[in-house]
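Subject: Structure handover, with notes on pockets and core

Hi there,

Here is the structure I promised to pass on to you. Please open it alongside this email, and you can follow the notes residue by residue.

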Amino acid sequence: MNQRRIMMNSTQVSYFTLTAYFDTGSLKYLFFIVVMSLYISIICSNVLLIMIICMNRSLHEPMYLFLCSMFVNQLYGSTAMFPFLLLQILSDIHTVSVPFCFLQIFCLYSSAIVELVNLAVMSYDRYLSICYPLQYNTRMTFKKVAILIAVTWFHAFLVVIGTTYLSSSLQLCGNIIDYVYCVNYSVVKLACSDTTVNNIYGLFATSFSVFVPLILILYTYIKILKVCFSASKQTRQKAVSTCTPHLASLINFSFGCLFDTLHTRFDMSSIPSVLRIFLSMYLVIIQPLLNPIMYGLQMSKIRNTCKKLLCYTKLTTHTSSM
């Protein structure tokens with residue numbers, strides 16, 4: 001029997017069992033409402049800012065177009081997680097088909113890479129705006145913005161296609177994933193076959209998709225700090241107002257990645273189950289909630305447009321009631 005299980009390959013495994021879920025009894029309806037509320041909040045806040053940027057011509061600037069790409073990505077990543085999570089909360093059997101599991105891995109990992117690369121592109125945009133204000137419009141043209149956004153998404157899809165393909169080709173010894181959703185590292189750990197190619201590709205993908213953007217972000221902020229120390233008060237205020245939400249988003253993203261790495265690589269059984277699950281999902285919950293709030297409050301153009309929209313809505317409502 002054990003020999004048969006060891007010889008089980010990926011084509012014979014039709015589903016994975018997610019063992020991180022636990023019996024919550026009637027509380028599952030409360031968890032369902034909380035998760036549903038979070039998902040609706042994410043959709044509403046990100047869609048609102050996407051619409052504001054797209055419909056307001058004064059916001060058709062590089063910085064806001066990169067923000068629009070970020071908000072679209074947050075909808076993409078959240079949709080790969082929350083509907084699945086809602087179904088699992090109400091279900092008594094926590095299983096997921098192999099094709100859907102790899103689809104979820106593809107969507108979540110590509111979304112994470114898009115987020116980081118987009119943050120790197122935004123730091124480069126801030127670098128040009130603050131360090132080269134007179135040359136900014138000639139250096140950051142609409143064509144260049146379109147190319148940067150396209151490369152951000154294409155690069156992420158290309159890298160994760162390779163990861164997903166290599167993982168789906170492995171021979172598996174079992175189908176138990178100790179997580180609330182599909183994680184590539186957990187699938188690779190189930191492999192009976194040699195994972196050397198996966199490990200080498202993983203190192204290459206991590207170096208190219210993580211360390212290169214981080215080096216670019218570090219370089220641009222060193223340059224921005226140098227300029228700020230010798231620049232006028234107005235330039236420093238501009239740097240603070242535009243870089244603060246970006247830095248907050250970057251720090252939050254780093255915390256999310258740290259929590260995810262700790263959860264997948266180390267034994268976290270001593271931590272309460274609810275906290276462990278929350279930390280593992282920190283990135284897909286907090287990041288898409290924090291970014292619209294941070295950018296909506298900090299960026300004056302977005303904030304003023306939101307105020308105008310709110311005033312217009314109130315005026316329309318008041319007029320119609322009369």
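Below are my notes on the open pockets, the enclosed space, the nonpolar core and a few single residues.

Before anything else, please keep in mind that this is a predicted model.

**The largest pocket**

I would begin with the largest pocket, which holds about 1,400 Å³ of space. Its lining is made up of 48 residues. If you want to centre your view there, Tyr109, Thr206, Val210, Asp260 and Arg265 are the lining residues that lie nearest the middle of the pocket. Two or more lining residues come from each of α3 (62–90), α4 (98–131), α6 (142–168), α7 (184–189), α8 (196–230), α9 (233–265) and α11 (282–298). Of these, α8 supplies the largest share, with twelve residues. In terms of chemistry, the lining of the largest pocket comprises 25 nonpolar, 19 polar and four charged residues.

**The second largest pocket**

Next comes the second largest pocket, with a volume of about 550 Å³. There are 23 residues in its lining, and the ones nearest its centre are Tyr21, Thr24, Phe31, Ile89 and Ile277. The elements that contribute two or more residues to this lining are α2 (28–55), α3 and α10 (273–280). Helix α2 gives the most, namely six residues. Sorted by class, the lining of the second largest pocket has 16 nonpolar, four polar and three charged residues. You will meet α3 in both places: this helix gives two or more residues to the lining of the largest pocket, and it does so for the second largest pocket too.

**One enclosed cavity**

How many cavities of 30 Å³ or more are there? The count comes to one, and the volume of this largest cavity is about 40 Å³. The residues around it are Met63, Met122, Asp125, Arg126, Thr242, His246 and Tyr295. Two elements, α4 and α9, give two or more residues to that lining, and α4 gives the most, with three. By class, the cavity lining splits into three nonpolar, two polar and two charged residues.

**The nonpolar core**

The largest nonpolar core contains 85 residues, and Phe16, Leu67, Tyr181 and Met281 have the most contacts inside it. Helix α4 provides the largest share of this core, 19 residues. Tyr181 is a good one to click on. Beyond its neighbours within four places in sequence, Tyr181 is in contact with Leu18, Met81, Phe84, Gln104, Leu108, Asp260, Ser280 and Met281. Two names on that list appear elsewhere in this email: Met281 is among the core residues with the most contacts, and Asp260 is one of the residues nearest the centre of the largest pocket.

**Three buried residues to look at**

Which side-chain partner does Asn291 have in a polar contact? That partner is Glu115, and the two side chains are joined at 3.2 Å. Asn291 sits in helix α11 and counts as buried because its relative accessibility is 0%, where the cut-off is under 20%. Outside the four places on either side in sequence, Asn291 touches Met70, Phe71, Gln74, Glu115, Ser249 and Gly296.

Ser110 belongs to helix α4. At 0% relative accessibility, Ser110 is also classed as buried. Its side chain makes a polar contact of 2.7 Å with the side chain of Tyr76, and the side chain of Ser110 also reaches the backbone oxygen of Cys107, at 3.1 Å. Leaving out residues up to four places away in sequence, Ser110 touches Tyr76, Ala156, Phe157 and Val160.

The last of the three is Leu86, in helix α3. Is Leu86 buried or exposed? With a relative accessibility of 8%, Leu86 counts as buried. Setting aside its neighbours within four places in sequence, Leu86 is in contact with Phe32, Val35 and Met36. If you would like a distance to check in your viewer, the C-alpha atoms of Leu86 and Tyr39 are 9.7 Å apart, while the two residues are 47 residues apart along the chain.

Happy exploring, and best wishes!

Note on methods:
Residues are numbered from 1 along each chain as its sequence is written. This is a predicted model: local features need pLDDT of at least 70, side-chain atom pairs count only at pLDDT 80 or more; totals for chains, interfaces and linings use all residues. Side-chain values use heavy atoms; hydrogens and water are left out. On a 1 Å grid over the protein atoms alone, a cavity is a set of points where a 1.4 Å probe fits but cannot get out, and a pocket is an open set with protein on both sides within 12 Å along at least five of seven lines; lining residues have an atom within 4 Å of a point. Grid points are joined across faces, edges and corners, and a volume is the space filled by probe spheres set on the points. Helices (H or I, at least four residues) and strands (E, at least two) are DSSP runs, numbered from the N terminus. Ala, Val, Leu, Ile, Met, Phe, Trp, Tyr, Cys and Pro count as nonpolar, Asp, Glu, Lys and Arg as charged, and the others, Gly among them, as polar. A nonpolar core is a set of buried Ala, Val, Leu, Ile, Met, Phe, Trp, Tyr and Cys residues joined through side-chain atoms within 4.5 Å. Buried means under 20% relative accessible area, exposed over 50%, partly exposed in between (1.4 Å probe, protein chains only). Contact means heavy atoms within 4.5 Å. A polar contact is a pair of N or O atoms within 3.5 Å; within protein, one must be able to donate a hydrogen and the other to accept it, and residues adjacent in sequence count only if both atoms are side-chain atoms.
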